[in-house]
Amino acid sequence: MKYRALFATRKTQTPQSEGLQGMTENSAGGYAYPVDNWTRLARFLILGSEGGTYYIAEKPLTVENAKSVIDCIEEDGIKVVQTVVEISTQGRAPKNDPALFVLAMAAGLGDEDTRKAAMAALPKVARTGTHLLHFADYVEGFRGWGRGLRRAIGNWYTGMDSERLSLQLVKYKQRDGWSHRDLLRLAHPKTEEADKRALLGWTVQPENAERVAEAAEKFRLIDGMVRLQKTQDVKEAAETIRTFSLPREVVPTELLNEQEIWNALLVDMPMTAMIRNLAKMTSIGLLATGSDAADYIADTIRNPAVIRKARVHPLTLLLAQKTYASGRGLKGSLSWAPVASVIDALDDAFYASFKNVEPTGARIMLALDISGSMSQPIAGSSIYASEASAAMALVTVATEKNVHVAGFAESLIPLPISSRQRLDDVTRTIRNYTFGPTDCAQPMLYALEKGLKIDAFVIYTDSETWFGQIHPAEALRRYREKTGIPAKLIVVGMTSNGFSIADPNDAGMMDVVGFDSAAPGVIADFIRGASNSYEEAAE
Ligand code: CA
């Protein structure tokens, strides 16, 4: 007679369809812990809400996240601004839009000090002309164009070095219904610098011949751009691009099918532009196996110093590698024969783009949620949450000696992932596995059953667990009791929802945001015991 199963005053096992103390119902009908507003803020800043999750559509997910942001602003607006600046300037997020959005919220909804701090942070978070135009669009949703905002926008133009500003104004004319001309007319910035006056005058009146001549005289970039517009000759155009270091954005479309033009552009091409144009440069034949351009590009792309300086995010590289290796564009009909050395360079660059990855020497189980809900694109990309998890797991596999890699849905299977595999190979494998109901307790139950000695379980999941007979936190505590190992649990949240399987009251469990470029370093610190919180470790 199983009396205990029918009655006990102390429960050690609760099915996931019932909540433990402090839990809330998740979107899958199971129960998990709600994450606090600050964790949610970090999730939103890094993963955004574009495309929603498997369970929550884009709009309600955005509204939920925005409500958490408002709570954070009410609690400590200055801390919100600091968090935005940190994540944005350190290149920890794949996209800067959530940072600009949260900054706009702080600039509109914060108390006076918060609004001031948000305005002061504008040049740090809006680093390009496009960023500023996005911000202008966002901020209108939270406040009017009062003096403080106009001054902050004006300061953005007057505070930036003139040469750098000229590049921004030449490259990005308008976005989201806003142009620099509109913003300058609103803000009316005053400056004593003659150079800058000429530059801003030209931006406001680009058709005025006198303004053009004045700006061209003071700025080589504008001089070159004007010259380029006057020529139809490919050789002359290429020469002009080279002489004046012109960016791709100012080159007329009809010239962009010429190898000579791209060869000239390549001389001063920033890494982000290089990555974006790999397919194009391959399709026109400039990038080919053994070509000088291929060697140059491969060397540049995998250079850690260049990666750091350009703040290239691992997700950008993962996506670029996957798309480039496939030989076909996601949209349109562009196809190309990918160059192997470039694919390999993107592979190397991916690992180099994560911060501070040092081995811990600990016994680690990396467990990837490969249930159905993980076949959902993350951060507005075409990469599934499950694929992104596998790619991140590779970083740990490449660093640590003692790693088990497993995938779980309703049960657990060991995954044959090796650091010698190429990224696109690993993500393709995962995509084929992904399906089934979710039981996030499986990694701990499996380790117990197989007698595996594990110091840290790292689970990549959306925490939409519902299928299991025991909660993950309980399964971990059972593992600790039965093995005597004080095992830790790190939950890598792969969506910006509000749930976690990590018990916030257990110091041995922590939430990390998926695809934060600082995540592998943060995880390693926590395993080492060097830090107890995400915030502390990410600093
Ligand atoms: Ca699921």
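In the predicted model, T323 is in contact with R328, L330 and W336, leaving aside residues up to four places away in sequence. T323 belongs to helix 19, which spans residues 314-326. The relative accessible area of T323 is 19%; because this value falls under 20%, the residue is classed as buried.

Elsewhere in the chain, an open sheet is built from six strands. Their order across the sheet is 7-6-5-8-9-11, and the pairing is mixed. Strand 7 (412-414) and strand 11 (509-513) are the edge strands, each of them pairing on one side only. From one strand to the next, the twist averages 25°.

Within this sheet, strand 5 (residues 364-369) and strand 6 (residues 403-408) run parallel and are joined by six bridges. L368 has G407, in strand 6, as its bridge partner. Helix 21, comprising residues 385-399, packs on the sheet and touches strand 5, strand 6 and strand 8 (456-461). The direction of helix 21 makes about 170° with that of strand 5.

A further helix, helix 24 (residues 472-483), also packs on the sheet. Its contacts are with strand 8, strand 9 (488-493) and strand 11, the last of these being an edge strand. Between the direction of helix 24 and that of strand 11 the angle is about 130°. Strand 8 is thus touched by helix 21 and by helix 24.

Technical notes. Residues numbered from 1 in each chain as written. Predicted model: local features only at pLDDT ≥ 70, side-chain atom pairs only at ≥ 80, totals over all residues. Heavy atoms only, no water. Pairing = 2+ DSSP bridges. Helix = DSSP H or I, 4+ residues; strand = E, 2+ residues; numbered from the N terminus. Axes fitted to C-alpha atoms, helices over the stretch in contact; angles between N-to-C directions. Contact = heavy atoms within 4.5 Å. Buried < 20%, exposed > 50% of the residue type's maximum accessible area, 1.4 Å probe, protein only.
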